[in-house]
Every structure is written in structure tokens, then in C-alpha cells.
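Today I am opening a fresh notebook page on cavities, pockets and a few residues that caught my eye. Come along and check the entries against the viewer.

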Amino acid sequence: MRKILILAAATIGLSGVAQAADITGAGATFPFPIYAKWAEAYKKETNIGLNYQSIGSGGGIRQIKAKTVAFGATDAPLKGEDLTKDGLIQFPTVMGGVVPAVNIAGVAPGQLKLSGDIIAEIYLGTIKKWNDPKITAINAGVTLPDANINPVYRSDGSGTTFVFTDYLSKVSPEWKTKIGTNTAVQWPVGIGGKGNEGVSASVKQVANSIGYVEYAYAKQNKLAHALVKNADGNFPAPDDKAFQAAAANANWNEAPGFGISLNNQKGAQAWPITSATFLLVHAKPEKPEEVQAALKFVDWAYKSGDQLALDLDYVPLPANVKDQVRNAWKGVTDPAGKPIF
Amino acid sequence: MAAVTDTMTGPAAPVIRKTPKGTFDVVFRNASLLAALLVLVLLAGIMLSMVIGGWPAFREFGLGFITSSVWDTQNEQYGAWPAIVGTLSTALIALVIGVPLSLGIAVYLTQLAPPWFKQPVSTAIELLAAVPSIIYGMWGLFVFVPLFAAYVQIPLSNIVEGIPIVGTVLYSRSPSGLGILTAGFILAFMIIPFIASITRDMLEQIPSVLRESAYGIGATTWEVVRHVLVPQAGVSIIGAIMLGLGRALGETMAVTFVVGNANRLSASIMDPGSTIASRIANEFNEAMGLQLNALIALGCILFFVTFVVLIIARILVSRVKSY
């Protein structure tokens, strides 16, 4: 009997500790690898764990609205009026790039050059062949086949698709009016792959195909990428410097909740398809201590997580943006109206 | 103890019989009635929750939800037609490919195969039935799709390009190997084990005296199969095909891998498309508001389509019976 009592006491004690410690979050799949890495390091330092469910951006927004998690995560930022309506505060955590992956026999990785309007026309179905004059014009010296282009897109709703279609909407008026920007759109041509894996499997297998994936994913899976013309007319290599260059020239205060698009930003070295990923918390949370723990975690990641992010091919936010975010956290208050951070 | 002594001492003790009691019968009857009722309640419950969940979409678009081909999350316009067509056409292709093969397997195994060959093939069929559908999807995507593109789709597209009708149905603008026909193939592989093993069992159940008398009057093997076995097992074979069709209509993951996931209608069976199940699998995670309602409404339609197919099957079976 005494044994059981001790055991019970121990279990209660343990679960009590675990419950006080775990931060709960849910949402976007794109930043999941880095959130997991940060959580691991954070747990070692503070013994506070993070329980992050990567269920997709839409799911993250749903869950934070339903108040079942301390924070929600989304790749597609919410608009200002939606933030006000639901009493949410939004801020970016980390950035990444989206790259076009291609599979054309005889064309080496990084050899093919594309521009935004060419990519838009390929996905609109108006450019049908790889040896289209518009493509060959900017690819002198590259032999392109007389073959139909197989465009590949994400068939599931995805923040990556949001970033990609937002970019195409910015560079192609036709895309903007016909298709628009969303986590899933009505693709006029092409085949759909489910998840990054589905897209990259299709691109790898299907000859003469083009797809789009997150840079971290493309690099780890050694997909052949194409170069994309940026706003300054250059063709930078997609890497962390190019993503950072895109962020450096952006005006983060232009949209509420830092919800700006980093696509097609000015800068000689800026990669044109770049995006931040965002967290959402309630401005007046019912359980302020949970949100406080989440903000402390993000603060720690801002201070000590940059190298981990770079290791995984994500890009840390510029220091001044981090400070602006910390400033925005002052809007998160407990029931008494006192800021919790 | 007393009873034992009694029977030992008594000269002709009567055998004690229990009077039959109806208690257990009553309990048993009610328990099985409850089990049967549960099926009805479950079915009604699922149907009701699907209708309620999908109602906003039905109310918003009316009949247009079924007939429209637009699936635009941007402008919140939803139509189910391409997915309905995709569901029915992939299932139909699966039946066209799968049924003759299954019947061939079953007839060969029961009538023609030498015993040493029969057992391994029978076991292999049962193992195929146990392979999870996601494995079929992965095998389809990584093995079948590239081979199909290289050896069938690309050569075929080059031949039929420009030919009327055939050129429309079989030409592929982007010969990727993914598409409605590929999904039909994968589904055919998935339903073959079901149809083949049920049909085999049914053919084996047919009394051998029927076969022997047919052979006795000089019938060939083909004639025995055609005029004795198939009519005898007809009802069960249709039942087996309907089970297979049910699986083909609702199959999700394998189809999502190979169907190409295009939310648009195409005249060519080589082009990518989508089925109701694959669209739900693709979009459910991120769906909100009206889109979620539209997806549940899609599920409701799938429910209804399967229902109609089963009713048709019932009618077919009753016709075969009377004949």
C-alpha cells in the first residue's frame, strides 16, 4: 500500500512538472524542422519542452482561434483586420526561400535561367515547350529540348504554394487576375504532388518537369534548381546570403503583424522568392503563463538559435526586426492589463 | 455428492433431464437484434453528420455544386463534377482491367492449374490482398509511373497526336506517367486479390458432380467453364466484383499518389485528374470555412455514389437469380 502511495505521489509529481513545462503550438509544416531543433536545445538549457504539431498553416490558425494551443504557426500571414477581429498578435520567427526545381536532360543544376513572367506563363500553360523563344533568349549556350514542359505543383494546401503564387502575382498581372495568391489555387495545367516529397518525387522522375520546393528541402534532397531573375535584373544563387538580402531591403512595418511579402524585393543579391514564417498568439490570453513561456522560447531562439537555423538552411531575422518583434510583444497582456513580456 | 450416491444405490433412477429454458434464447435474440440495429444507427448517424457538415456548401451552390467544374479556394467557388467523373472513371477502368484478370486467375486456379502451382499462387493472392494501400501508392509512384511514362505514355502520345477522338482520349499534353489511367491500373491491381480469391472460393464450392456430368457428355473445359461454372457462381461473382468496386470508389492514399491531383476536367484519360477521396486527402488539413464544408459535401456525394452503385448491384444480382 505504501509503495503504491509513493508511486502515485511520484507520478503526480512528475506529470505536474511536465505540464507546467510544456509549451504547446501547432501549425505550419515548413518551419517544423527548425522548431524541433530549437526545442531540443531549449529543453537541454531550461528543461522546458515544446509540443509542436505540424498540421499545416490552416490548422495552426484554426487551433489558435479555438484557443487549444499557446501559439499557432502559419506561413501565410493573416491580414490586419483578421488579427484585430480575433485579438491576435503576429510576428515572424525565421525565413526561407522557395526555389524552382527542374529535370531536363543535359541541363546542369543552376544552369537554367528563368524569370518570373516565364515561370508564370509555364504554369498558366501559355509557354508549352522548353525551347520556347522566351526561354532560349535568356539562356544562351544552354541546349534546351523540343519537349513539352511538365509543371508540378503542391496538391495539398501549403504555405509554400502561398509564397510561390504570391511571387507570381507580383511579377505577372495575368497570373494575378486569373489565378491569384493562396495556399491552394486552381492550377490551369500540370500535375499535383502531395507534400514536398510528392513534388520532388515527380520532378525527379518526370522528364522535362519543373516544380517548386522550399530551399532547405531542395538542398537536402539534392534537387537541381534553376536561377530566377530578381527585381534588380540579376540571377543570384539561392543561398542564405540571397535570402538575407531580400529581408534587408524589406520594410517590415508596412503591414500589420509584420505580414509583409519578401517576394521580389530590391537588392542586387536578393533571391526573388523569399518568405518569413509567422507565429500567432492571443493579445489577451486566458492563460497568460502559457503564452509567456512561448514568448520566452521565441526570445531565446532569437538570441541563441541563429546558428541552428543556418545549419538547417533557414535564415535568421535581421537584428532590428527581432527588436521590433519584442516591442510588439508589449501588446500581449494578462487579464489585469499588464504586459507579460 | 448426494446425487451420486442416489444413482448408485437406487435400482432404476430416472435420468434427470433439464427442462429447456428460454432465457438464453431471449437474451441471444435481443443481443443480435441490437447488433443489427447498431448498423442502421451507425449508417444513419454517418449520413446525417455528413449532410449537416456539408449543408453550407449545398445551400450556397445548390445543384451547381454537383455540375460545376470550378474548384477555386481563392474565390470560394466549389464544384464537384471533375472529382465525381474522376472517381467513376478510375473505378470503371479498374473494373475493365481487373475483372477479366481476376476471373482468369480464379478459373485457372480451380480448373487448370497443376497442384504444385496452385498453392503458391493462391497464397500470393491472399498476400496481395493484405498489402496496405499506401504501399500500392508508393510502388505505383516510384516503380509503375516512370515505366508507364517511358514505355507507354510517351510513345503512345507521339502516335495518336492529332488523330480525331483517339487523339483526344489518349493524348497526353504532359506525359508524366501520372493520370486517370494510371490510377485505374493501380486500383485494378488492388481489387484483383479480392475478386480473384472470392471467385476462386465460389468456384470450388460448386459440386464436382455438375462438372463431371458435363465432361461426361463430352463438353470441353471451355464449355464447362462457360455453361456450368460461371452461371452457377454468377451471383457470387457479381457480389465479388461489387466488393472490388466499393474499394475502388473509396480508395484514397494510393490514388492520391498516382492520379496527378488536378482539379480540372480533361477529355484524355492520360491526363491528371482527381477523385473525391484524393481531393479530400489533399485539402482536408488546410481547409477552413466553406472549403471544409465543400469537402464534407464531397464526402457526402461519395457516400451517395457508393450507395447507388450498391443498389444497382442488388438489382443485377436479383436479375441473375431469377434467370
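**Entry 1: the largest cavity**

I began with the lining of the largest cavity, to which strand 6 (150-154) of chain A and helix 12 (276-283) of chain B each supply at least two residues. Helices here are DSSP runs of H or I with at least four residues, strands are runs of E with at least two, and both are numbered from the N terminus. Helix 12 of chain B gives the largest share of that lining, four residues.

Some bookkeeping before I go on: this is a predicted model, in which local features need pLDDT of at least 70 and side-chain atom pairs count only at pLDDT 80 or more, while totals for chains, interfaces and linings use all residues. Residues are numbered from 1 along each chain as its sequence is written, chains are lettered from A and ligands numbered from 1 in the order in which they are written, and side-chain values use heavy atoms, with hydrogens and water left out.

How many cavities of 30 Å³ or more does a search of the whole structure find? I noted two. A cavity is a set of points on a 1 Å grid over the protein atoms alone where a 1.4 Å probe fits but cannot get out; a pocket is an open set with protein on both sides within 12 Å along at least five of seven lines, and lining residues have an atom within 4 Å of a point. Grid points are joined across faces, edges and corners, and a volume is the space filled by probe spheres set on the points.

The largest cavity holds about 140 Å³ of space. I counted 16 lining residues, and those nearest its centre are Ser155(A), Val185(A), Asn261(B), Asn263(B) and Glu283(B). By type, the lining has five nonpolar, eight polar and three charged residues. In this sorting Ala, Val, Leu, Ile, Met, Phe, Trp, Tyr, Cys and Pro are nonpolar, Asp, Glu, Lys and Arg are charged, and the others, Gly among them, are polar.

**Entry 2: the second largest cavity and Thr160(A)**

The second largest cavity comes to about 60 Å³. I listed its lining as Phe30(A), Asp75(A), Gly96(A), Gly97(A), Val98(A), Gly159(A), Thr160(A), Val163(A), Glu214(A) and Ser275(A). Strand 4 (88-103) and helix 7 (159-171) of chain A are the elements that give two or more residues to this lining. The split is three nonpolar, five polar and two charged.

I then followed Thr160(A), which is found in helix 7 of chain A. Is Thr160(A) buried or exposed? With a relative accessible area of 4%, Thr160(A) is buried (buried is under 20%, exposed over 50%, partly exposed in between, with a 1.4 Å probe and protein chains only). Leaving out residues up to four places away in sequence, Thr160(A) touches Asp75(A), Val98(A), Arg154(A), Tyr212(A), Val213(A) and Glu214(A), where contact means heavy atoms within 4.5 Å.

**Entry 3: the pockets**

The largest pocket has about 1000 Å³ of space. Of its 43 lining residues, Ala76(A), Pro77(A), Lys79(A), Phe162(A) and Asn182(A) lie nearest its centre. Helix 3, helix 4 (80-86), helix 7 and strand 10 (274-282) of chain A, together with helix 13 (289-322) of chain B, give two or more residues to this lining. I sorted the lining into 16 nonpolar, 17 polar and 10 charged residues.

For the second largest pocket I wrote down about 480 Å³. It has 29 lining residues, with Thr29(A), Arg154(A), Gly195(A), Asn196(A) and Glu197(A) nearest its centre. Helix 2 (32-46), helix 7, helix 9 (195-205) and helix 10 (215-220) of chain A give two or more residues to this lining.

**Entry 4: two residues that touch the other chain**

Gly58(A) lies in helix 3 (residues 57-65) of chain A and counts as buried at 3% relative accessibility. Apart from neighbours within four places in sequence, Gly58(A) is in contact with Glu286(B) and Met288(B).

Phe284(B) sits in the loop between helix 12 and helix 13 of chain B. At 43% relative accessibility, I logged Phe284(B) as partly exposed. Beyond residues up to four places away in sequence, Phe284(B) touches Arg62(A), Leu292(B) and Leu295(B). The C-alpha atoms of Phe284(B) and Leu295(B) are 7.2 Å apart, with their positions 11 residues apart in sequence.

**Entry 5: chain A overall**

Chain A has 14 helices and 10 strands. Of its 341 residues, 57% are buried.
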